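Subject: Structure handover

Hello,

Here is the structure you are taking over. My notes on what was found in it follow below.

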Amino acid sequence: MASEELAQKLQRRLQLEESGAAAEGEAAAKGEGAAGDEAERSCLTASAGAELSAKLCRRQDINEGAAQPRRAAVFNPYTEFKEFSRRQIKDMERMFRLYDSGRDGYIDLMELKLMMEKLGAPQTHLGLKNMIKEVDEDFDGKLSFREFLLIFHKAAAGELEEDSGLLTLAKLSEIDVSIEGVKGAKNFFEAKVQALSSASKFEAEIKAEQDERKREEEERKHRRAAFRELKSAFTQ
């Protein structure tokens with residue numbers, strides 16, 4: 001009887017020791033996990049702090065004139081697409097705005113669909129997607145004004161396939177893009193002469209636009225003066 005009681009006590013004690021060891025193991029595991037989380041939080045905090053500090057230092061340098069602010073590149077069609085005249089680019093811009101019905105600065109798939117239908121060359125859905133893909137430099141699935149100009153650039157340079165929808169667009173747009181530009185020059189001297197001629201033509205176009213604005217302003221002044229004279233004749 002005493003031996004059975006002693007055996008039960010030993011078994012009970014063994015169970016208590018085992019349960020205590022398991023509890024200590026769980027506590028240790030939790031402690032290690034908490035320590036790991038704390039270390040990760042400290043690392044992230046340090047990284048964010050370093051990034052913020054770098055930004056603040058750069059801002060201070062800019063304010064003190066020790067650094068220049070980063071400026072976004074501004075797209076200038078007249079300097080980037082020198083093979084086209086100002087009038088040609090303005091014609092392309094008018095056409096782009098005409099079909100940019102959303103007024104967001106882009107021609108999307110549906111707007112391109114409408115454009116091709118208006119030009120008398122409707123395209124399939126896949127054909128329209130392929131047209132955009134051919135000049136879609138930023139892969140946003142729509143045409144910016146720069147990408148729209150690329151259509152005419154590629155058409156003028158002979159870089160479009162004969163069955164390309166973009167070539168059809170360029171041909172039906174009634175915008176003359178047959179100029180080859182400096183790329184078509186036979187040698188350096190011819191290229192130089194052609195470049196100078198292009199620059200002179202550019203200046204002449206600007207002057208012609210300024211003269212046209214002056215002439216329109218003079219006409220408006222004459223019309224206003226004539227209206228005032230007519231009005232005064234009726235009031236006398």
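A contact here means heavy atoms within 4.5 Å of each other. On that basis, of the contacts in the protein with a separation of 6 or more, 50% are between residues 24 or more positions apart. Please keep in mind throughout that this is a predicted model.

Overall make-up and confidence

The protein has 236 residues, of which 24% count as buried. Its secondary structure amounts to 8 helices and 0 strands, so the order of elements from the N terminus reads α-α-α-α-α-α-α-α.

Mean pLDDT for the protein is 75, with 63% of the residues at 70 or more. Among the elements, helix α4 (residues 109–118) has the highest mean pLDDT, at 95, and helix α1 (residues 2–63) the lowest, at 62. In residues 179–193 the pLDDT falls below 50. Beyond near neighbours in sequence, that stretch still has 12 contacts in the model.

Helix α6 and its two partners

Two helix pairs involve α6, and they are described in turn.

The first partner is helix α3 (residues 86–99), which packs against α6 with the axes 10 Å apart and an angle of about 120 degrees. Angles of 65 to 115 degrees count as roughly perpendicular and those over 145 as roughly antiparallel; the pair α3 and α6 is therefore oblique. The crossing of α3 past α6 is right-handed. On the α3 side the contact involves I89, M92, E93, M95 and F96, and on the α6 side F145, F148, L149 and F152. By class, the residues of this contact are 8 nonpolar, 1 charged and no polar.

The second partner is helix α7 (residues 165–172), whose axis comes within 9 Å of that of α6 and crosses it at roughly 90 degrees. Because of that angle, α6 is roughly perpendicular to α7. From α6 the contact takes F148, I151, F152 and A155, and from α7 it takes L166, L167, L169 and A170. The contact of α6 with α7 has 8 nonpolar residues, with no polar and no charged ones.

F148 and F152 of α6 appear in the contact with α3 and again in the contact with α7.

Residues in the loops

Which residues does S144 touch, leaving out those up to four places away in sequence? They are F96, G105 and Y106. S144 itself sits in the loop between α5 (125–135) and α6 (145–156). The cut-off for buried is under 20% relative accessible area, and S144, at 16%, is therefore buried. F96, one of the residues S144 touches, is also part of the α3 contact with α6.

Two other loop residues deserve a line for their backbone angles. Most residues other than glycine have a negative phi. R103, although not a glycine, has a positive phi of about 55 degrees. R103 is placed in the loop between α3 and α4. Its relative accessibility is 63%, so R103 counts as exposed, the cut-off being over 50%.

F139 is not a glycine either, and its phi is positive at about 55 degrees. F139 belongs to the loop between α5 and α6, the loop that also holds S144. Are F139 and S144 buried or exposed? F139 has a relative accessible area of 74% and is exposed, whereas S144 is buried.

Regards

Technical notes
Residues numbered from 1 in each chain as written. Predicted model: local features only at pLDDT ≥ 70, side-chain atom pairs only at ≥ 80, totals over all residues. Heavy atoms only, no water. Helix = DSSP H or I, 4+ residues; strand = E, 2+ residues; numbered from the N terminus. Buried < 20%, exposed > 50% of the residue type's maximum accessible area, 1.4 Å probe, protein only. pLDDT = per-residue confidence, 0-100. Axes fitted to C-alpha atoms, helices over the stretch in contact; angles between N-to-C directions. Parallel < 35°, antiparallel > 145°, perpendicular 65-115°, else oblique. Left-handed = near helix turned anticlockwise from the far one by under 90°. Nonpolar A, V, L, I, M, F, W, Y, C, P; charged D, E, K, R; others polar.
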